[in-house]
Amino acid sequence: MSHDPIAESVQSLLSSRDPDAASILAAEAKRQETTLELIASENHVSAPVMHAMGTCLTNKYAEGYPGARYYGGCVHHDDAERLAQDRAKKLFGCKFANVQPHSGASANAAAFLALLSPGDTFASLVLADGGHLTHGLKVNMSGKWFNPVHYPLHYDESHPEFERIDYDEAERVCLEHRPKLIMCGYSAYPRVIDFERFRAIADKCDALLMADIAHIAGLVATGEHPSPFPHAHVVTTTTHKTLRGPRGGLILTNDEDLSKKLNRALFPGLQGGPLMHVILSKAVAFGEALKPAFKSYQKRTKANARALANALIERGYRITSGGTDNHLMLVDLRTRDAELTGADAETWLESAGIITNKNGIPQDPRPPRVTSGLRLGTPALTTRGLKEADMGVVAGFFDRVLASKGDAAECEKVRGEVAAMCEKFAMPG
Ligand SMILES: *Cc1c(COP(=O)(O)O)cnc(C)c1O
């Protein structure tokens, strides 16, 4: 087990001052330590990133931006925000960064507020095939107040680009509907995104290009996935997925006019006071991401994803598009067992200490609450130090649970072996 004296002192402080909160925190720490985290959008932050959040910067109102605040006493907050901005710009190689979004959804909402008017048309991937709810879901603001049109993947099994983006069709959809904004970047897409091609499409229909790199930000920051710059006009991301920072969002651009619009849209358009303790933690995370070790971490994450995909293919599972270029994969469970659903698989695996999420596969015939697939990712396991050879062991656990159809005795047995494996891989310090 990792030894984090600050986490221990927080635990003991809460034990004496608020035992109810203390027992919840202790239980969650134990859950994370004793399970294998395969959710592609999660990670384990370092102790400095974790504890920068638990600081006195939370006490301050700092509405506005560095040098232009609506409250006194912000001098150190200005320094913290500038540090985060400067590191973000360096990391992604761009001119302007807004580090204030509370989340990826807030970053996207600010971009919509800055770039579109209600009723305007924008284009995004068919949501059920890998998009995010902020890219036009009917119950989300993006789908309620704006007009999404969607571009598809290749759905013809015999096509060499099967289950990859159909760029020609994306161009056709955009030329037909003339969106003001084209979105690329996804939540469940295992392949490289061709930002240059999307920019060419955007230029043909006078649209702006927005890349939402929430999932691949860590890969992009280290050159392990092509950069959306200089192609995208606006880039949004989360900071807590492959980027391994605190939970939050980030908006980037090279265009000065757009940066002013985006800043005004975020504050005062959308948010009030920034979460300055989280912004300090973002600065710390960006500092870590600028170090050489972070690039090797991203390389290992990708290598682990490939190894896990191959180990699952060997056991009879189909991986959509035939594999992965990044940190995640979509497993089509039906090739292993036609009756198997994502919902059952997620529940059974959790009882064995393997944490995943059900996810629709492209053109999934089952509804989103059931699904035929699971989305798996390797960022968190790689942070804990698992290597390619360990992916075969993980795939073995995975298959035993699903082959047993969630048999309680077998899940319990795997649960014990998972916990034993976890003891060898400490949380990051
Ligand atoms: C995760 C994600 C988001 C939203 O991030 P939150 O911090 O959960 O609001 C936005 N876009 C994409 C593509 C994502 O994967």
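Tutor: A polar contact is a pair of N or O atoms within 3.5 Å, where, within protein, one atom must be able to donate a hydrogen and the other to accept it, and residues adjacent in sequence count only if both atoms are side-chain atoms. The model here is predicted, with local features needing pLDDT of at least 70 and side-chain atom pairs counting only at pLDDT 80 or more, while totals for chains, interfaces and linings use all residues. Residues are numbered from 1 along each chain as its sequence is written, and side-chain values use heavy atoms, with hydrogens and water left out.

Student: Which domains does the assignment give for the protein chain?

Tutor: Domain bounds come from an automatic or database domain assignment, and for this chain the assignment gives domain 1 (56–289) and domain 2 (300–424). Taking contact to mean heavy atoms within 4.5 Å, 19 residues of domain 1 and 21 residues of domain 2 take part where the two meet. The C-alpha centres of domain 1 and domain 2 are 29 Å apart.

Student: How many residue pairs are in polar contact across the interface of domain 1 and domain 2?

Tutor: The rule finds 14 such pairs, with both residues at pLDDT 80 or more. On the side of domain 1 that touches domain 2, the residues divide into 10 nonpolar, 3 polar and 6 charged, where Ala, Val, Leu, Ile, Met, Phe, Trp, Tyr, Cys and Pro count as nonpolar, Asp, Glu, Lys and Arg as charged, and the others, Gly among them, as polar.

Student: What is the area buried between domain 1 and domain 2?

Tutor: Buried area is the accessible area (1.4 Å probe) that two parts lose on being put together, summed over both. Between domain 1 and domain 2 this comes to about 1,700 Å², with carbon and sulfur atoms giving 51%. Glu163, Pro190 and Arg191 lose the most area to domain 2 within domain 1, and together they make up 35% of what that side buries.

Student: How many salt bridges are counted between domain 1 and domain 2?

Tutor: In general, side chains of opposite charge can pair when their charged atoms come close. A salt bridge is a side-chain nitrogen of Lys or Arg within 4 Å of a carboxyl oxygen of Asp or Glu, and the count between domain 1 and domain 2 is 3, whereas a search of the whole structure finds 24. Arg318 and Glu163 form a salt bridge through their side chains at 2.9 Å, N to O, and both belong to a network of salt bridges that links Glu163, Arg318, Asp332 and Arg334. Another salt bridge joins the side chains of Arg191 and Asp325 at 2.8 Å, N to O. Arg191 sits in the loop between β7 (181–184) and α8 (195–204), and Asp325 in the loop between β11 (318–319) and β12 (328–332), so the pair links parts of the chain 134 residues apart.

Student: Is Arg191 buried or exposed?

Tutor: Buried means under 20% relative accessible area, exposed over 50%, and partly exposed in between (1.4 Å probe, protein chains only). Arg191, at 9% relative accessible area, is buried, while its partner Asp325, at 25%, is partly exposed.

Student: Which residues of helix α13 are buried?

Tutor: Helices (H or I, at least four residues) and strands (E, at least two) are DSSP runs, numbered from the N terminus. In helix α13 (residues 342–351), Gly342, Ala345, Glu346, Trp348 and Leu349 are buried, and these residues pack against β13 (354–355), β14 (357–358), β15 (373–377), α15 (388–403) and α16 (408–423). The side chain of Glu346 also meets that of Lys358 in a salt bridge of 3.7 Å, N to O; because Lys358 lies in strand β14 and Glu346 in helix α13, the pair ties together parts 12 residues apart in sequence.

Student: Where does Ala111 lie, and what does Ala111 touch?

Tutor: Ala111 lies in helix α5 (residues 104–115) and counts as buried at 0% relative accessibility. Leaving aside residues up to four places away in sequence, Ala111 touches Leu116, Met210, Thr236 and Leu262.

Student: Where is Pro228 found?

Tutor: Pro228 is found in the loop between α9 (217–221) and β9 (234–238), and is buried with a relative accessible area of 1%. Not counting residues up to four places away in sequence, Pro228 touches Phe195, Ala211, Ile213, Val220 and Val235.
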